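Please open the model in the viewer and keep the selection panel at hand. The stops below are meant to be followed in order.

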Amino acid sequence: MMYPKIPLAQSIIEICQQKGVQHIVISPGSRNAPLTIGFTNNPFFKCYSIADERCAAFFALGIAKQLQEPVVVVCTSGSALLNYYPAIAEAFYSQIPLVVISADRPQNKIDIGDGQTIRQENVFANHSLYNANLQENVSTENDNNIQMALHVAVNQKGPVHINAPFEEPLYETVFELQVQPEIVDFNTESKTFSLVNSTIETWNKATKKLVLVGELFPNSVEQTYLDVLANDPSVVVLTEKTSNLHHPTFIDQIDTLITPFTDEDFKAFQPEILLTFGGMVVSKRIKAFLRKYKPAHHWHVDDLRAYDTFGALTNHFETKINTFLSQLLTEKTIESLYQSSIATIWKDRVAKHQEYTAKIPFSDFKVFDFICQNVPKNSQLQVSNSSAIRYLQLFDLDNTVQVFCNRGTSGIDGSTSTAIGAALASDLPTMLITGDISFLYDSNALWNNYIPKNFKIILLNNSGGGIFRILPGHQETETFNTYFETSHQLNASHLAKMYGFDYFEASDETTLQQEYAAFLNQNEKPSILEIFTPEKENNGILLEFFRRLK
């Protein structure tokens, strides 16, 4: 087998193999040549070449999120490394094990005017869980640093950075390993968890218990516990689409439920106990409600971290949700009208939703209603940030559809790249729903040789960042249209042709129905369905929906 001649590169590659880290996303460069040579010539590794570093990192993130295991991204020295930062931040807040390995100049070449040279050590310190700043010569300290980085990525669920200085020549190879790193098995203490009786008693006595679930990987919670929660009259369960949790009594359209509430309604809905688990929550309205009408107890369950999102956190239970629920939930229930009263309200909301949707003209709202009714069963839905994920929250989806979105930082910067990585790693057919600004911003994502043939993109093009039209400050001025909404007249047809995608377009209900059928049936190569909606009418139709719910 061929190896890079530089011993430090050999050590990194050998340790990755010994630790079972298999997926390696490489951006072409010269300084990282020793790593590229070593990874690509070892059949253990699955290597991918993604030229744009920002896209590469989000592509790797998409793979890591689906496989629930670490994925490596490798780049050359200099500003290339900085392009990883958006994905690093997303991995940090979404608890995804992303491993950055950056090639660097030796220390004596830093800050002397050498090309492609920046201060790379600790560059992600604010958002990385471990920073392994290696020395040029092979050492036990280096080996331990590399292994600790991989250990932290897996056990603390987040991004780590390994910075490796290489001196020229960079391309020389050998056919025998010159290193034998000692592999360390780090002791990971298994935490024992036990709920105190007073916590269980507090739960059992409360007549108003609200469970709010953020982003979760599918099948994270045992159905037995979901059924117990659903059958407790003192419990209301609110879920986000990204929670991937389902039960007929759960409400997954939070804004539809609470937006029409009056002050009196909010007071009646105010919980005694708020139980949260899962990742970030999309709904701004539920955050505003719970910050104003605070629960007496806010319990968050996560084995690593808890955010005081509502300014009311009283307990962080450091364990997995199934362990927690197995100890919390008993056969005891208390008389309560909490769930039934919300169920009555929800029934009315559903009726008004259906009545309104049947009458509205072609728009973003109408398109999402159509899409959500027609997403193929047993598929994966990737959703971009901003308007797309918020619209999705307002509609029913089949329970077999898995939903993912980069909600760690809620940025639009890597939605398409992440979706492609996820599509590659998942056994399910994958569809991305995205807005025009998000799509155009990440258009280099299509510069990718690993896109599955059945990967599909639904692109809603309303000629700008439509979400700004429903935020405070909207005015029909040149400043607003140019610097906030980012108005444009672009479309995806030429990008589709350049990157070998089949292209479909629709601009009304008739063409949407016709083109959507053809779009779904195309599985010989990836495809884009671009749907053009009216720029200036969309916000009014959405806001009127919330008014009609009252």
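Select strand 18, residues 502-506, in this predicted model. Its covered face consists of Asp 502, Phe 504 and Ala 506, while Tyr 503 and Glu 505 make up the uncovered one. In a regular strand, side chains alternate between the two faces of the sheet.

Add strand 19, residues 527-532, to the selection. Strands 18 and 19 are paired in the parallel sense over 5 bridges. To inspect one of these pairings, display Tyr 503 together with Ile 528, its bridge partner in strand 19.

**The six-stranded sheet**

The next stop is an open sheet of 6 strands. In which order do its strands lie? The order is 3-2-4-5-7-6, and the pairing is parallel. At the edges are strand 3 (46-49) and strand 6 (130-133), each of which pairs on one side only. On average, neighbouring strands of this sheet are turned by 20° against each other, direction ignored.

Within this sheet, select strand 4 (residues 71-75) and strand 5 (residues 98-104), which pair in the parallel sense over 5 bridges. Val 72 has Val 99 of strand 5 as its bridge partner.

Now show helix 5, residues 140-155. This helix lies across strand 5, strand 6 and strand 7 (160-165), and helix 5 runs at about 165° to strand 6.

**Two helix pairs**

Two packed helices are described by the angle between their axes and the distance between the axes.

For one pair, select helix 3 (residues 53-67) and helix 15 (residues 415-425). Their packing angle is about 40°, and their axes are 7 Å apart. Helix 3 and helix 15 are therefore oblique to each other, and their crossing is right-handed. Display the side chains at the contact: helix 3 contributes residues including Phe 58, Phe 59 and Leu 61, and helix 15 contributes residues including Ile 420, Gly 421 and Leu 424. The residues of this contact divide into 10 nonpolar, 5 polar and no charged.

For the other pair, select helix 12 (residues 338-359) and helix 20 (residues 538-548). These two pack at an angle of about 145°, with their axes 10 Å apart. Helix 12 passes helix 20 in a right-handed crossing. Which residues meet here? Lys 352, His 353 and Tyr 356 in helix 12 meet Ile 541, Glu 544, Phe 545 and Arg 548 in helix 20. By class, the residues of this contact are 3 nonpolar, 1 polar and 3 charged.

Note on methods. Residues numbered from 1 in each chain as written. Predicted model: local features only at pLDDT ≥ 70, side-chain atom pairs only at ≥ 80, totals over all residues. Heavy atoms only, no water. Axes fitted to C-alpha atoms, helices over the stretch in contact; angles between N-to-C directions. Helix = DSSP H or I, 4+ residues; strand = E, 2+ residues; numbered from the N terminus. Parallel < 35°, antiparallel > 145°, perpendicular 65-115°, else oblique. Left-handed = near helix turned anticlockwise from the far one by under 90°. Contact = heavy atoms within 4.5 Å. Nonpolar A, V, L, I, M, F, W, Y, C, P; charged D, E, K, R; others polar. Pairing = 2+ DSSP bridges. Buried < 20%, exposed > 50% of the residue type's maximum accessible area, 1.4 Å probe, protein only.
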